[in-house]
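I wanted to know how some of the helices in this chain pack against one another. My entries follow in the order in which I looked things up.

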Amino acid sequence: MPSLTLTAVSKRFDSVQVLDAVSLSIADGAFLALLGPSGCGKTTLLRLIAGLEVPDGGEIRFDEQVVAGRTAFVPPERRRIGMVFQSYALWPTMSVRGNIEFGLKVAGLASAERAARIDEVLEVVGLRGLGDRRPHELSGGQRQRVALARSLATRPKLILLDEPLANLDAHLREAMLAEFRRIHSLTGATFVFVTHDQDEAMAVATHVAVMDRGRLQQIGTPEDLYRRPASPMVARFIGRGRTLPVRVVKADGGRNRVMLGQQLLDLPGQAPVGHGWLSFHASDLKRVPEGGELKTELVGQVFQNGAFLSHCMPTEIDGDVVSLPLSERLKPSTPVELTFTGGWVIGDGQRACDAGVTRRVETAA
Ligand SMILES: Nc1ncnc2c1ncn2[C@@H]1O[C@H](COP(=O)(O)OP(=O)(O)OP(=O)(O)O)[C@@H](O)[C@H]1O
Ligand SMILES: [Mg+2]
């Protein structure tokens, strides 16, 4: 059963359409990352799910219950959600236990039950023994664990996290990501995790929803987004992907024949005949001595991860620079011929997320 369903959810602020008919459905226990550039509407979407904003149109359901829609609105405190923000929002004068206990008191739990719950969540987030500290006596990572413990203590079905790692350094972020994954599988709650960092999203989530300017572009597994992007935006946004314009001349059972300049290529894809895009990553390119499908000229190299990351400008078609690691240093302007060992063809007008709108996001094993 889906635990969260959004149907054509829209929101305007003044004259700006911040969310435009966003529809998605996620199953119980999923870990969904909401990914997109700054200002695309991620926080607004989270606030709508939490009940901190009211949608102008569309409907939000938790399981079968409508929590926001034309005729119903369930206030935030009755939605059984937990929220974790970038700024931990802890009470500075209260101990860790006091911070966690607050919500349990509001929920009306008896003292013994509160103490048991606090012990339980401190154990889950790895802070046993630190219950009497105050927030200023904790590191940033520990504070974020307290914020998470506080949101878990009321045993919500849905946990909303808005850039919870943005204040932490890169090393700690990685450790906390692993923690979030562990805690997610331990609690079985559904997590919705907002980030604009795609590496973070791909590392932590069972499913990723990519947003752009208020619209859902695609929802799928990290691998779906990487291998089968639904739109040029997703292709370029995920995994430093590149796109080149092509003409699709044949569409047949999950494969496309395309013209890239004067070259005919057969590649996986579901694009209709007409104008389209070839999307690919560095790992889909191979340098060949001659007869390459893409003729380019070297414009620059950077030594990275033990190889020369080489930026090459197409010479016979109108397209952006493509990049791939090469083992040798080359002079600028050296001709570099490339063939494609992989890639994915996208139609020009292909509306994103067609498959994702109603497709249920299964919980990862
Ligand atoms: N209360 C508000 N009143 C007016 N405009 C708002 C309000 N809240 C958000 N916006 C606008 O809505 C758009 C989306 O904002 P939102 O905070 O949802 O983006 P975001 O994807 O979370 O961005 P970031 O990654 O920078 O946090 C922005 O243009 C923002 O200025
Ligand atoms: Mg935001």
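I began with H4 and H5 and noted that this is a predicted model. Helix H5 covers residues 170-187, and H4 packs against H5 at an angle of about 20 degrees, with the axes 11 Å apart. Angles under 35 degrees count as roughly parallel, so I entered H4 and H5 as roughly parallel to each other. I logged the crossing of H4 past H5 as right-handed.

Next I listed the residues that meet there. From H4 I have Gly141, Gln144, Arg145, Leu148 and Leu152. From H5 I have Leu172, Met176, Glu179, Phe180, Ile183 and Thr187. Sorted by class, this contact of H4 with H5 has six nonpolar, three polar and two charged residues.

I then turned to H2 and H4. Helix H2 spans residues 96-106 and helix H4 spans residues 140-153. Their axes come within 8 Å and cross at roughly 30 degrees. H2 and H4 are therefore also entered as roughly parallel to each other. H2 passes H4 in a right-handed crossing.

Which residues of H2 and H4 meet? On the H2 side I found Val96, Asn99, Ile100 and Leu104. On the H4 side I found Val146, Ala149, Arg150 and Ala153. I counted the residues of the contact of H2 with H4 as six nonpolar, one polar and one charged.

The next pair was H3 and H4. Helix H3 runs over residues 111-124, and its axis comes within 9 Å of that of H4, crossing at roughly 135 degrees. Are H3 and H4 parallel or oblique to each other? Angles over 145 degrees count as roughly antiparallel and 65 to 115 as roughly perpendicular, and roughly 135 degrees is in neither range. I therefore put H3 and H4 down as oblique to each other. The crossing of H3 and H4 is right-handed.

Arg117, Val121 and Val124 of H3 make this contact with Ala149, Leu152 and Ala153 of H4. The contact of H3 with H4 divides into five nonpolar, no polar and one charged residue.

Looking back over my lists for H4, I find Ala149 and Ala153 in the contact with H2 and again in the contact with H3. Leu152 is entered for the contact with H5 and also for that with H3.

Last, I looked up the layout of the chain. Domain 1 is 2-228 + 352-358, and domain 2 is 244-347. The centres of domain 1 and domain 2, taken over C-alpha atoms, are separated by 39 Å. The unreviewed UniProt entry carries the annotation "domain: ABC transporter" for residues 4-238. I noted that residues 4-238 are 36% helix and 28% strand, with the end C-alpha atoms 25 Å apart.

Notes: Residues are numbered from 1 along each chain as its sequence is written. Chains are lettered from A and ligands numbered from 1 in the order in which they are written. This is a predicted model: local features need pLDDT of at least 70, side-chain atom pairs count only at pLDDT 80 or more; totals for chains, interfaces and linings use all residues. Side-chain values use heavy atoms; hydrogens and water are left out. Domain bounds come from an automatic or database domain assignment. UniProt positions are given in the numbering used here, feature names are shortened, and annotations may be inferred rather than shown by experiment. Helices (H or I, at least four residues) and strands (E, at least two) are DSSP runs, numbered from the N terminus. Axes are lines fitted to C-alpha atoms, for helices over the stretch in contact, and angles run from 0 to 180 degrees between N-to-C directions. A crossing is left-handed if the near helix is turned anticlockwise from the far one by less than a right angle, and right-handed if clockwise. Contact means heavy atoms within 4.5 Å. Ala, Val, Leu, Ile, Met, Phe, Trp, Tyr, Cys and Pro count as nonpolar, Asp, Glu, Lys and Arg as charged, and the others, Gly among them, as polar.
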